[in-house]
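Here are my notes on the model you sent. Please read them with the structure open beside you.

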Amino acid sequence: MSEGKPTKGDSRGVFYDLFEEEEAAELVMRAQIVNALQAWLAESQDNQVVLSKRLGVHKSRVSEVKHGKVEKFSLDNLVRLAQRAGLKPTLRIGV
């Protein structure tokens, strides 16, 4: 690699540049769910206390989602939150 020239990263995203494939795949899924939850939160007219009750979590967890703290949540926990929010999470496997 020559100095000063930018290199093209992995076309699947930055997680694949920074982590092993297995971890990157999970991080991408977690980030997608957090992004969907952030959009849901942004559209909601409710405050964090009401939203936390709806999601069945402490309001600090709502704040963590709002601020994109992907590392604070496991994939299974995010799937549950998305389901409680009515987002109907699904999984698609590509070859």
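Where does Ser52 lie? Ser52 lies in helix 3. The points below start from that residue and work outwards; bear in mind throughout that this is a predicted model.

1. Ser52. Is this residue buried or exposed? Buried means under 20% relative accessible area. Ser52 has 8% relative accessibility, so it counts as buried. Leaving out residues up to four places away in sequence, Ser52 touches Val57, His58, Lys59 and Val62.

2. Helix 3. Ser52 shares its burial with Leu51 and Leu55 of this helix. Viewed down the axis of helix 3, the buried residues fall within an arc of 100 degrees, so they line one face of the helix. The cover over these buried residues includes helix 2, helix 4 and helix 5.

3. Val57. One of the residues that Ser52 touches is Val57, and Val57 sits in the loop between helix 3 and helix 4. With neighbours within four places in sequence set aside, Val57 is in contact with Ser52, Val62, Leu81 and Arg84. How far is Val57 from Asn35? The two are 22 residues apart in sequence, and their C-alpha atoms are 18 Å apart in space.

4. Helix 4. This helix covers residues 59-66, and its buried residues are Val62, Glu64 and Val65. Down the axis of helix 4 they fall within an arc of 160 degrees, so they line one face of the helix. A student should note that Glu64 is on this list of buried residues. Val62 also appears among the contacts of Ser52 and among those of Val57. The buried residues of helix 4 pack against helix 2 (21-43), helix 3 (48-55) and helix 5 (75-84). Just after helix 4 comes Gly68, which takes a positive phi of about 70 degrees.

5. Helix 5. Which residues of helix 5 are buried? They are Leu78, Leu81 and Ala82. Around the axis they cover an arc of only 100 degrees, which puts them on the same side of helix 5. Leu81 is also one of the contacts of Val57. The buried residues of helix 5 pack against helix 2, helix 3 and helix 4. Just after helix 5, Gly86 has a positive phi of about 80 degrees.

6. The chain as a whole. How many helices and strands does the secondary structure come to? There are five helices and zero strands, so the order from the N terminus is simply α-α-α-α-α. Among contacts between residues at least 6 apart in sequence, 50% join residues at least 24 apart.

7. Overall dimensions. The chain has a radius of gyration of 16 Å, whereas a compact globule of 95 residues would have one near 12 Å. Taken along the principal axes, the C-alpha atoms fill a box of roughly 55 × 30 × 20 Å.

8. Surface and charge. Buried residues make up 25% of the 95 residues in the chain. The chain exposes about 7100 Å², and carbon and sulfur atoms supply 51% of that area. There are 15 positive and 13 negative side chains, with the centres of the two sets 10 Å apart.

How values were computed. Residues numbered from 1 in each chain as written. Heavy atoms only, no water. Helix = DSSP H or I, 4+ residues; strand = E, 2+ residues; numbered from the N terminus. Rg over C-alpha atoms; globule rule 2.2 N^0.38 Å. Buried < 20%, exposed > 50% of the residue type's maximum accessible area, 1.4 Å probe, protein only. Contact = heavy atoms within 4.5 Å. Areas by Shrake-Rupley, 256 points an atom, 1.4 Å probe, with all protein chains shown as cover. Lys, Arg positive; Asp, Glu negative; His and termini not counted. Charge placed at Lys NZ, Arg CZ, Asp CG, Glu CD. Arc of directions from axis to C-beta.
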